[in-house]
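Please take me through this structure stop by stop. Tell me what to select next and what is there.

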Amino acid sequence: MTSAVPTMTRPRDRLLFAAEHATGTAGDLGAVRLTDPGALTEALQQRLGVRAVVTGTLDRRLVFIENAGHGGWTVADLSGAPHETREWPTWTEGVLMLDRPSSWISSARISPVGLHRLTRPRLLLAALYHPEYFPLPRFPLGISDLARAARATLLGHIELMDMQLGVGLGDIIERIAAGWPDVVGISATFGQHDLMLSILDEITAGEGGLLVVVGGSLTARNERLLLDRYPDLLVARGAGEATIADVLAHWHGDLDRNQVRGIGYRGAARGEGTLTIGSARRTATVANRTRADIWPELDLLPRTFEYQGVAQLETSRGCTNFCSFCPRGHKGTWAGAAPDALGWVLDVFAEVIDERPDISRTLYLVDEEFIGRDEGAVSRALAVADMLHSRDFGWETSCRVDQVVRLDRDRKWHVERGQMWRGLVERGLRRCLFGIESGVTSILDRFNKETTGEQNALTVRTLSALGVPTRFTYITFDHLMNAEELHATYAFQGRKDLILHPLPHLSVAEIIEGVHDEGFVAEHATGQPFHEAISYMLVSMECLIGAAYTRAAEAAGLTDAVRPSMGRVDARFADWRIGVLSHRAQLWVDRNFALDYTLKSLEKLADGDRRRAIRDTRVILKRAGYDLLGGMLALLDRTDPDTAHREGLDEACVELSDTLIARLRAPVDEAVTDLARDLPSTEAGVLLAEHSRWGSTGTWRLINAADPCGT
Ligand code: B12
Ligand code: SF4
């Protein structure tokens, strides 16, 4: 190509220019989305009548269009950056020859090997989902991040299927059975083990030859179990970006299986007739801090909105702590992305959201710990917030209590933090979730939270007075707790001196001093009990596979069966009476879960008065949960721990639950009817359907208990 290239600012214009360059016509490509390489490839091939390949990541999409009439290709980098500024994978050497690397568009020669590598393997990335557990979808970050890492290698063609977005298990199985993919990547999170087994059983019953890799937070818990059942499987043990890139290289024979990063697998069987399967092996995972690129491809973002889903993104990976109940092997140690790197991804999110004025302009930053711990943590957090705010996004996230109050830090530190929190709210922070988990120091020590009850109380006061909208999670029952601790828990949850009125007229310094002063607190407390700010009331500890807490429960002789579907181990309670209360509380939670989760999801989509009304409806459920806890504790106190008559306590708790749920019906019916009148019709439909299901349920049943694996 020798003629001058006109200056263009939009990727779409560059695409049209490249099409014209290759074939002499741009066709009517105008409406095709650049976020969806599969659709774009198809459109180019159909409308231009030549072969086309779309690869590379969204911010540097690379389009190959075969030239009409003669054998060459046109290669365009839709970002407008010159080809020579790309880090070309080594496999492209000698098989992909560009005539003009100094430009974003060039004619090129591609060898048959090069073309094979650009188009194969065909990788299908599938995300599983049980609609009955989580009614409203979220943008599937896991597989979208993997797609970006895979496309960055320029190897193969990647497509995504997500069961949240109108795809059934049968559709995924059919696609695989039809022979489309060469490699299948399946992502599973909690509750989806049965779906994972269904797909893997189908695949193993098929002809074979398919390379299958699985990953996700649940899969990482079940690594051993999966390898025992499917010896040819590769199981991703952590963040999957490096893994998936290596899997593509492995498919081409560039890497051996034991060179694929971050997997568990079975080694080759040794000897003949002695070992039928090899032993389980592992390769090292990649540390979060060595991987700055944690951004997604956005193929499925428009579809997420079509299905009333919400937008999610991570700006950091991992956590600064090691709580005993949270297995850390999978998500790793905290590392944050540089704020500047967020710009392009937010721009594309904004572009897609701009097309949907009907949905809330909110991004959920699903970071485990948003602030992090490096020297520049405060300025980084504010810079990320600036990026979000400059694109007019509201946003929510989560972080630890010790980002607000630390008993080992001085006044200066707290003033800086207070200013940061106000600054984040000014920059669009709509809500931040804090995993407070308990208000009782002996329990917090057991959880290795590295926080105390006093610190938590001060944090709740500080955040409310600063006007930071919060959500708190709280583990009410744990297997190793005693009755005294449960009483202290109940008392903490009922405290009315924690939630203060927002005090915008006071300086940060006045607030951080005031929260220590009971007179100040009495003057500014809302009188609202703390439990109304707890996200989900009556939650019990889950003994997740691989967690330190699970090992402690095991050492106390309390663990039973493994539940792969939830990645957890069943456990009894050291005080059996607390076990009864926990069980009855779980049945209460599960009976109300789908309705509460629907309300929570609708809250995410709403703003202003509507959002408040949804929240008030959830508070009705929370209050009833607290009443149940208080009533059950009174029953526990009347039960001798040494009694042989265990059923007595259980029966009394059932009776109490029945009474309280009957009492709940009228206020919930009224609130939901009022809400539905004000909601858009689809959302009202979802809510009314869930409400009617809730109202017609007459039994107490656990949701995720059924385990088809039977282990
Ligand atoms: C959204 C979310 C949920 C949603 C799930 C709904 C949904 N449709 O996803 C809800 C709110 C329902 C939920 C529930 C729970 N969650 Co949750 N959840 C999250 C959250 C905030 C975001 C998930 C996400 O999108 N992550 C971002 C993506 C990029 O990460 P990822 O999915 O892990 O994917 C990466 C890797 O796993 C891997 N990977 C994933 N799939 C695949 C596939 C292949 C082929 C490969 C190679 C790799 C791979 O590569 C990806 C990119 O690096 C995470 C926190 C987090 N940041 O991960 C917690 C998190 C996953 N949840 C967690 C927990 C404990 C739970 C609960 C069990 C809590 C509880 N005790 O009740 C419940 C389960 C309840 C139930 N009944 O099932 C923990 C898991 C703990 C751990 N370390 O393993 C996390 C990490 C949060 C935490 N620190 O506590 N959760
Ligand atoms: S603070 Fe949260 S993410 Fe971090 S280790 Fe504890 S539970 Fe896990």
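Helices and strands here are DSSP runs, numbered from the N terminus; a helix has at least four residues and a strand at least two. The model is predicted.

**Stop 1: a loop before β13**

Start with Gln308. It sits in the loop between α10 (301-306) and β13. Check its backbone: phi is near 55 degrees, a positive value in a residue other than glycine.

**Stop 2: the parallel sheet**

Follow the chain into β13 and select residues 311-313. This strand belongs to an open sheet of six strands, in the order β13-β16-β17-β18-β19-β20, with parallel pairing. Which strands stand at its edges? They are β13 and β20 (539-540), and each pairs on one side only.

Now add β16, residues 362-365. Three bridges join β13 to β16, and the two run parallel. To see one bridge, pick Ala311 and its partner Leu363 in β16.

Next, select helix α21, residues 608-637. It lies across β17 (394-399), β18 and β19. Its direction is at about 10 degrees to β18.

**Stop 3: a ring pair in the same region**

Show Phe434 and Phe472. Phe434 is in strand β18 (residues 429-437), and Phe472 is in strand β19 (residues 470-477). The pair links distant parts of the chain, 38 residues apart. The ring centres are 6.0 Å apart and the planes meet at 35 degrees, so this pair is tilted. The structure has 14 aromatic pairs in the count.

**Stop 4: ligand 1**

Select ligand 1 and the residues around it. How many residues surround ligand 1? There are 36, and the closest are Ser187, Gly240, Pro327, Val366 and Glu368.

Color the shell by class. It divides into 15 nonpolar, twelve polar and nine charged residues.

Then pick out the elements that contribute. α4 (141-152), β8 (183-187), β9 (211-215) and α7 (217-221) each supply at least two residues of this shell. The largest share, four residues, comes from α4.

Zoom in on three contacts:

- Gly240: a backbone N or O atom lies 2.8 Å from an oxygen atom of ligand 1.
- Glu314: a polar side-chain atom lies 3.1 Å from a nitrogen atom of ligand 1.
- Arg317: an N or O atom of the side chain is 3.4 Å from an oxygen atom of ligand 1.

**Stop 5: ligand 2**

Move to ligand 2. Around it are Cys319, Asn321, Cys323, Phe325, Cys326, Arg328, Glu368, Arg400 and Lys449. By class, this shell has four nonpolar, one polar and four charged residues. Keep Glu368 highlighted: it is in the list around ligand 2, and it is also among the closest residues to ligand 1.

**Stop 6: the antiparallel sheet**

Go back toward the start of the chain. Five strands form an open sheet here, in the order β1-β2-β3-β5-β4, with antiparallel pairing. Select β1 (52-55) and β4 (96-98). Why is one side of each left without a neighbour in the sheet? Both stand at the edges with a single partner strand, so the other side has none. From one strand to the next, the twist averages 25 degrees.

Look at β1 beside β2, residues 62-66. Four bridges join these antiparallel strands. One bridge to pick is Thr55 with Leu62 in β2.

Add helix α2, residues 37-48. It lies across β1 and β2, and runs at about 160 degrees to β1.

**Stop 7: a cis peptide bond**

Select Arg120 and Pro121. The peptide bond from Arg120 to Pro121 is cis, with omega near 5 degrees. Pro121 falls in the loop between α3 (112-119) and β6 (122-127).

**Stop 8: a hairpin**

Finish with β21 (residues 559-563) and β22 (residues 568-571). Three bridges join them, and they run antiparallel. Thr559 has Ala571 in β22 as its bridge partner. The two strands form a hairpin with four residues between them. Click on Gly567 in the turn: its phi is positive, about 60 degrees.

Note on methods: Residues are numbered from 1 along each chain as its sequence is written. Chains are lettered from A and ligands numbered from 1 in the order in which they are written. This is a predicted model: local features need pLDDT of at least 70, side-chain atom pairs count only at pLDDT 80 or more; totals for chains, interfaces and linings use all residues. Side-chain values use heavy atoms; hydrogens and water are left out. Two strands pair if DSSP finds at least two bridges between them. Axes are lines fitted to C-alpha atoms, for helices over the stretch in contact, and angles run from 0 to 180 degrees between N-to-C directions. Contact means heavy atoms within 4.5 Å. A residue is near a molecule or strand if one of its heavy atoms lies within 4 Å of it. A polar contact is a pair of N or O atoms within 3.5 Å; within protein, one must be able to donate a hydrogen and the other to accept it, and residues adjacent in sequence count only if both atoms are side-chain atoms. Ala, Val, Leu, Ile, Met, Phe, Trp, Tyr, Cys and Pro count as nonpolar, Asp, Glu, Lys and Arg as charged, and the others, Gly among them, as polar. Rings of Phe, Tyr and Trp (its six-membered ring) pair if their centres lie within 6.5 Å; planes under 30 degrees apart count as stacked, over 60 as edge-to-face and the rest as tilted.
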